[in-house]
Amino acid sequence: MNRSEPPAEEDDGVDSANGAARLLAVGDFRLDLLRRRLLDRQNQTVELSARLFDALVYFAEHRGELLDKDRLMAALWPGLVVEENNLNKVVSALRRALGDDAEDKRYLLTVPRRGFRFVADVRKVTASAGPPLEPAAAAATAPAEAQVSAPEQPRRRRVLITGGAAAAA
């Protein structure tokens with residue numbers, strides 16, 4: 001190595017611009033806040049829509065708190081009027097992406113008639129706490145079973161229904 005070259009920059013999981021953690025370990029997954037992606041145990045990207053990613057970040061940032069539906073809808077759809085069903089679809093898609101099922105709720109608990117509680121462990125990650133992140137190009141090869149595209153379909157369907165209702169009115 002030529003001593004005049006600067007040392008290779010080590011990824012410490014912290015955004016140097018503002019000092020905020022940009023990697024969070026969330027249960028068996030890692031959230032890369034800077035690149036806006038979710039990584040599984042094999043360091044493969046789990047495809048999430050922007051809304052699902054934002055929802056997961058919000059839940060992780062409020063781990064252990066009871067989040068009522070109004071608070072969640074205001075956080076995920078700021079300034080928009082949405083139906084409660086939209087929130088239910090986001091929660092359902094997140095559960096699928098994270099591998100939660102009816103018997104084994106390791107990430108999101110439903111508190112009947114009150115809201116949701118994120119229960120997975122959440123911690124900041126440094127470079128020494130896990131394998132290095134792969135380049136974004138390698139993320140495009142995520143396994144098919146890990147991809148979640150369900151939230152995109154309801155959005156398109158909603159537009160068609162809304163458009164049809166407006167035409168009939």
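Modeller: A salt bridge is a side-chain nitrogen of Lys or Arg within 4 Å of a carboxyl oxygen of Asp or Glu. The model here is predicted, and E65 forms such a salt bridge with R71, with the closest N and O atoms 3.1 Å apart.

Colleague: Are E65 and R71 buried, exposed or partly exposed?

Modeller: E65 has a relative accessible area of 32%, so E65 is partly exposed. R71 is also put in the partly exposed class, because its relative accessibility is 31%.

Colleague: How many salt bridges does a search of the whole structure find?

Modeller: The search finds nine. One of them joins the side chains of E84 and K69, at 2.9 Å from N to O. E84 belongs to helix α3 and K69 to helix α2, so this pair ties together parts that are 15 residues apart in sequence.

Colleague: What is the relative accessibility of E84 and of K69?

Modeller: For E84 the value is 39%, which counts as partly exposed. For K69 the value is 23%, and K69 counts as partly exposed.

Colleague: Which residues are joined into one network by salt bridges that share partners?

Modeller: R22, D32, R35 and R37. Within this group, the side chains of R35 and D32 meet at 3.1 Å, N to O. R35 counts as partly exposed, at 41% relative accessibility. D32, in contrast, has 0% relative accessibility and counts as buried, because buried means under 20%.

Colleague: Back to the helices. How is a pair of packed helices described?

Modeller: Two packed helices are described by the angle between their axes and by the distance between the axes. In this model, helix α2 spans residues 69-76 and helix α3 spans residues 84-98. Their axes come within 10 Å and cross at roughly 80°.

Colleague: Do I call that parallel, antiparallel, oblique or perpendicular, and why?

Modeller: Roughly perpendicular. Angles of 65 to 115 degrees count as roughly perpendicular, and α2 and α3 are therefore placed in that class.

Colleague: Which residues of α2 meet which residues of α3?

Modeller: On the α2 side they are K69, L72, M73 and L76. On the α3 side they are E84, L87, N88 and V90. By class, this contact of α2 with α3 has five nonpolar residues, one polar and two charged.

Colleague: Where does the salt bridge of E84 and K69 fit in?

Modeller: K69 in α2 and E84 in α3 are both listed in the helix contact, and their side chains meet in the salt bridge at 2.9 Å.

Methods
Residues are numbered from 1 along each chain as its sequence is written. This is a predicted model: local features need pLDDT of at least 70, side-chain atom pairs count only at pLDDT 80 or more; totals for chains, interfaces and linings use all residues. Side-chain values use heavy atoms; hydrogens and water are left out. Axes are lines fitted to C-alpha atoms, for helices over the stretch in contact, and angles run from 0 to 180 degrees between N-to-C directions. Helices (H or I, at least four residues) and strands (E, at least two) are DSSP runs, numbered from the N terminus. Angles under 35 degrees count as roughly parallel, over 145 as roughly antiparallel, 65 to 115 as roughly perpendicular and the rest as oblique. Contact means heavy atoms within 4.5 Å. Ala, Val, Leu, Ile, Met, Phe, Trp, Tyr, Cys and Pro count as nonpolar, Asp, Glu, Lys and Arg as charged, and the others, Gly among them, as polar. Buried means under 20% relative accessible area, exposed over 50%, partly exposed in between (1.4 Å probe, protein chains only).
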